[in-house]
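Please look over the sequence and the model below before reading on. The notes that follow take up a helix, a sheet, the cysteines and two loop positions in turn.

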Amino acid sequence: MGTMTIDGRKVTFTDEKNVLSVIRNAGIDIPTLCYHSELSTFGACRLCTVEDDRGKTFASCSEEPRDGMVIFTNTGKLRKYRKLIIELLLAAHCRDCLTCEKSGDCNLQTLAKRFGVMEVRFENYKERRPLDFSSPSIVRDPNKCILCGNCVRVCEELQGIGALGFAHRGSDAMVMPAFDREIATTDCVNCGQCRIFCPTGAISIRHNRGEVWEALSDPDTRVVAQVAPAVRVA
Ligand code: FES
């Protein structure tokens with residue numbers, strides 16, 4: 001238990017696991033793309049970055065709250081950082097928003113609007129990758145992945161499956177099933193949790209219910225009866 005000052009306001013905290021939770025519990029809106037209370041903290045997107053009274057910035061999701069902390073959540077410096085992060089994510093992202101399944105429900109699109117990203121000054125250097133239509137339940141579009149790792153963690157940590165993982169490093173990093181196999185050849189149980197946690201259109205639902213039910217009732221399809229119940233995205 002302790003007290004910290006957020007944007008000039010004294011806020012008491014008890015057992016919140018990170019500064020981000022204290023901020024949100026105080027009713028302050030702070031953008032995130034890679035944080036979910038049900039999953040381990042990954043600290044990838046840096047959108048939750050805050051500034052302390054010495055001008056030092058840090059990711060609030062990855063910092064434990066300490067008594068006496070003084071932080072600011074919405075300074076000019078932070079707004080500039082956040083806008084740049086969104087612009088960089090969009091630069092490496094396929095931008096066919098008009099025809100994207102997630103358009104209107106995409107966190108990246110919402111944040112781009114919120115931070116007034118009107119243009120992307122950087123070139124997309126990424127090679128376009130093929131979509132994975134092998135699953136009866138989901139479609140993977142690696143060109144829309146922002147490497148938040150949400151799908152990897154929900155599959156591993158909540159479902160205990162581990163159908164997806166990270167491959168390569170640096171600017172070549174990507175999320176895929178091991179050895180770049182098609183998702184249908186993994187232990188994927190078609191639960192759809194990865195789609196719920198994906199903030200963009202990188203994982204979407206296949207709109208072919210007939211095929212999905214046929215596949216799910218096929219004894220040869222890898223479906224386990226006991227999967228964790230669907231969780232709400234926080
Ligand atoms: Fe903190 Fe992404 S939410 S780094």
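Which are the buried residues of α2? They are L78, R82, I85, I86, E87, L89, L90 and A91, in a model that is predicted. The points below begin with this helix and then move to the strands that it packs on.

**The helix α2**

- Helix α2 has 16 residues, and the distance from its first C-alpha to its last is 22 Å, which is close to the 22 Å expected at 1.5 Å a residue.
- The buried residues of α2 pack against three strands, β3, β4 and β5, and against the helix α3.
- Helix α2, made of residues 76–91, packs on the sheet and touches β3, β4 and β5, while its direction makes about 160° with that of β3.

**The sheet**

- Strands of a sheet pair through backbone hydrogen bonds, and the pairing can be either parallel or antiparallel.
- Here five strands form an open sheet with mixed pairing, and their order is β2-β1-β5-β3-β4.
- The edge strands, each of which pairs on one side only, are β2 (9–13) and β4 (57–59).
- From one strand to the next, the twist averages 40°.
- Strand β3 (residues 49–52) and strand β5 (residues 70–72) run antiparallel and are joined by two bridges, and within this part of the sheet D52 stands opposite I71 in β5.
- Strand β1 (residues 2–6) pairs with β2 in the antiparallel sense over five bridges, and R9 in β2 is the bridge partner of I6.
- The hairpin of β1 and β2 has two residues between the strands, and in this hairpin D7 takes a positive phi near 50°.

**The cysteines**

- How many disulfides does the structure hold? It holds zero disulfides, and two of the cysteines, C100 and C198, can be looked at one by one.
- The sulfur of C100 has its closest cysteine sulfur in C106, but the two are 6.3 Å apart, so they are too far from each other for a bond.
- C198 is likewise in no disulfide, and the nearest cysteine sulfur, that of C148, lies 6.2 Å away.
- C100 is buried, with a relative accessible area of 14%, and C198 is buried too, with a relative accessible area of 10%.

**The loop position N124**

- N124 is placed in the loop between α3 (107–114) and β6 (138–140).
- Is N124 buried or exposed? The answer lies in between, because its relative accessibility of 34% makes N124 count as partly exposed.
- Leaving aside neighbours within four places in sequence, N124 is in contact with A91, A92, H93, C94 and R95; of these, A91 is also one of the buried residues of α2.
- N124 and C94 are 30 residues apart along the chain, yet their C-alpha atoms are separated by 8.2 Å.
- The side chain of N124 also reaches the backbone nitrogen of K126, at 3.0 Å.

**The loop position A44**

- A44 lies in the loop between α1 (19–25) and β3, and at 36% relative accessibility A44 counts as partly exposed.
- Which residues does A44 touch, not counting residues up to four places away in sequence? A44 touches C34 and L147.
- A44 and C61 are 17 residues apart in sequence, and from C-alpha to C-alpha they are 9.9 Å apart in space.

How values were computed: Residues numbered from 1 in each chain as written. Predicted model: local features only at pLDDT ≥ 70, side-chain atom pairs only at ≥ 80, totals over all residues. Heavy atoms only, no water. Pairing = 2+ DSSP bridges. Helix = DSSP H or I, 4+ residues; strand = E, 2+ residues; numbered from the N terminus. Axes fitted to C-alpha atoms, helices over the stretch in contact; angles between N-to-C directions. Contact = heavy atoms within 4.5 Å. Disulfide = S-S within 2.5 Å. Buried < 20%, exposed > 50% of the residue type's maximum accessible area, 1.4 Å probe, protein only. Polar contact = N/O pair within 3.5 Å; in protein donor to acceptor, adjacent residues only side chain to side chain. Expected span 1.5 Å × (residues − 1).
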